[in-house]
Amino acid sequence: MRTGMRVALGVFVAFGCLAGVANAQDYPSRSVKIIVPFGPGGPADIFSRQVAQYLTEHLKQTFVVENRPGAGSVIGTDAVAKSPADGYTLLAMSNTHTTNESLIKNKPYELMRDFVPVAPINYSGLVMVVHPSVPAKDLKEFIALAKSKPGQLNYASSGPGTPYHMAGELFKSMSGTDIVHVPHKASGEARNSVIGGHVQMMFDAITTMAPNVQAGQVRALGTTGEKRDAVMPDVPTIAEAGVPGYETTIWLGIMAPAGTPKPIVDKLNAAMNAMMKQPDIIAAWTKQGAVPMEMSAAQFDTLLRKDIEKWAQVVKVSGATAQ
């Protein structure tokens with residue numbers, strides 16, 4: 001009996017593996033949806049659309065992007081978690097998701113339980129900007145201004161847990177300032193609030209805010225990388241401008257619902273890694289301050305778990321909350 005059961009189980013497992021391989025060979029046989037749980041105009045939206053275009057051309061099937069913003073990425077992310085694990089609904093994610101693992105306690109999903117890593121996309125630095133009406137010409141003057149007016153200055157973000165929010169909380173913690181977080185539904189809304197002078201300050205992706213800095217709509221006080229960004233070489237890093245040791249970036253990636261067959265994950269991973277080697281992609285992203293990331297699904301899994309630990313510490317030290 002036991003021998004028969006073992007044989008039956010072995011046949012079942014083997015059949016499942018063969019079915020997965022067969023699915024991967026046929027995949028994709030219809031349109032694939034990439035859900036971006038953020039609003040239009042931000043890095044996740046922009047780069048996901050470029051990924052979708054490349055995968056459409058490379059895998060000979062349509063990949064479409066659908067924006068489902070809200071609740072600091074929780075709404076769109078939960079929709080993917082509840083989707084069939086067949087490779088036809090994917091999640092565009094960022095370090096918002098690794099932060100939310102400790103910032104938002106009652107999410108309807110757990111990142112590393114309900115999703116499998118597919119591949120990263122890229123990373124880029126952020127830039128701290130203020131509205132031109134702010135009477136601070138550099139970072140040290142801004143810190144002095146904030147300390148003279150505790151709780152009276154505001155900073156915008158695209159929602160709790162986003163890199164823009166956590167960059168602000170990390171800055172507050174390391175600079176000893178009290179600046180009020182004003183969350184928005186999307187990065188475009190937050191950007192418009194700063195440009196319009198409704199909020200004094202914001203951390204934003206260099207890839208999207210650089211044109212506004214160049215147009216004089218905002219003043220750049222510092223970038224968040226370890227070294228100056230090639231897109232803004234005249235802007236000092238925050239670390240060199242007045243907050244030693246400060247460093248953070250925004251990175252993006254793709255995940256799929258847990259249970260998605262490994263051959264499909266591997267096929268998507270190979271296609272995305274091939275994209276990261278394309279000279280035109282590298283050149284275009286370099287001009288925008290974005291660096292392509294090439295990893296196996298297992299390596300991306302390791303990155304995600306380490307990032308969850310990193311931001312858990314930041315949340316604990318800063319006292320950040322999901323407003």
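Leaving aside its neighbours within four places in sequence, which residues is His97 in contact with?

**Figure 1. Surroundings of His97 in the predicted model.** Outside the stretch of four places on either side in sequence, His97 is in contact with Pro37, Phe38, Ser73, Thr77, Leu91, Ala92, Tyr109 and Leu111. His97 belongs to helix H4, which covers residues 95–103. Is His97 buried or exposed? The relative accessibility of His97 is 1%, and the cut-off for buried is under 20%, so His97 counts as buried.

**Figure 2. Position of Ser175 in helix H7.** Helix H7 is made up of residues 163–175, and Ser175 is part of this helix. The relative accessible area of Ser175 is 7%, so this residue is buried. Which residues does Ser175 touch when those up to four places away in sequence are not counted? They are Ile143, Lys147 and Val243. One of these, Lys147, is 28 residues from Ser175 in sequence. In space, the C-alpha atoms of Ser175 and Lys147 are 9.3 Å apart.

**Figure 3. Polar contacts of the Ser175 side chain.** This view shows Ser175 with Phe171 and Thr177. A polar atom of the Ser175 side chain lies 2.6 Å from the backbone oxygen of Phe171. The side chain of Ser175 is also joined to that of Thr177 by a polar contact of 2.8 Å. The partner of Ser175 is thus a backbone atom in Phe171 and a side chain in Thr177.

**Figure 4. The whole protein, as a setting for the close-up views.** The protein contains 13 helices and ten strands. Its C-alpha trace spans about 80 × 40 × 30 Å along the principal axes. What radius of gyration does the protein have? The value is 21 Å, which agrees with the figure near 20 Å for a compact globule of 323 residues. Among contacts with a separation of 6 or more, 77% are between residues 24 or more positions apart.

**Figure 5. Burial, surface and charge in the protein.** Of the 323 residues, 55% count as buried, and both His97 and Ser175 are in the buried class. The accessible surface comes to about 14,000 Å². Carbon and sulfur atoms hold 56% of this surface. How far apart are the mean positions of the positive and negative charges? There are 29 positive and 26 negative charges, and their mean positions are 3 Å apart.

Notes
Residues numbered from 1 in each chain as written. Predicted model: local features only at pLDDT ≥ 70, side-chain atom pairs only at ≥ 80, totals over all residues. Heavy atoms only, no water. Helix = DSSP H or I, 4+ residues; strand = E, 2+ residues; numbered from the N terminus. Rg over C-alpha atoms; globule rule 2.2 N^0.38 Å. Buried < 20%, exposed > 50% of the residue type's maximum accessible area, 1.4 Å probe, protein only. Contact = heavy atoms within 4.5 Å. Areas by Shrake-Rupley, 256 points an atom, 1.4 Å probe, with all protein chains shown as cover. Lys, Arg positive; Asp, Glu negative; His and termini not counted. Charge placed at Lys NZ, Arg CZ, Asp CG, Glu CD. Polar contact = N/O pair within 3.5 Å; in protein donor to acceptor, adjacent residues only side chain to side chain.
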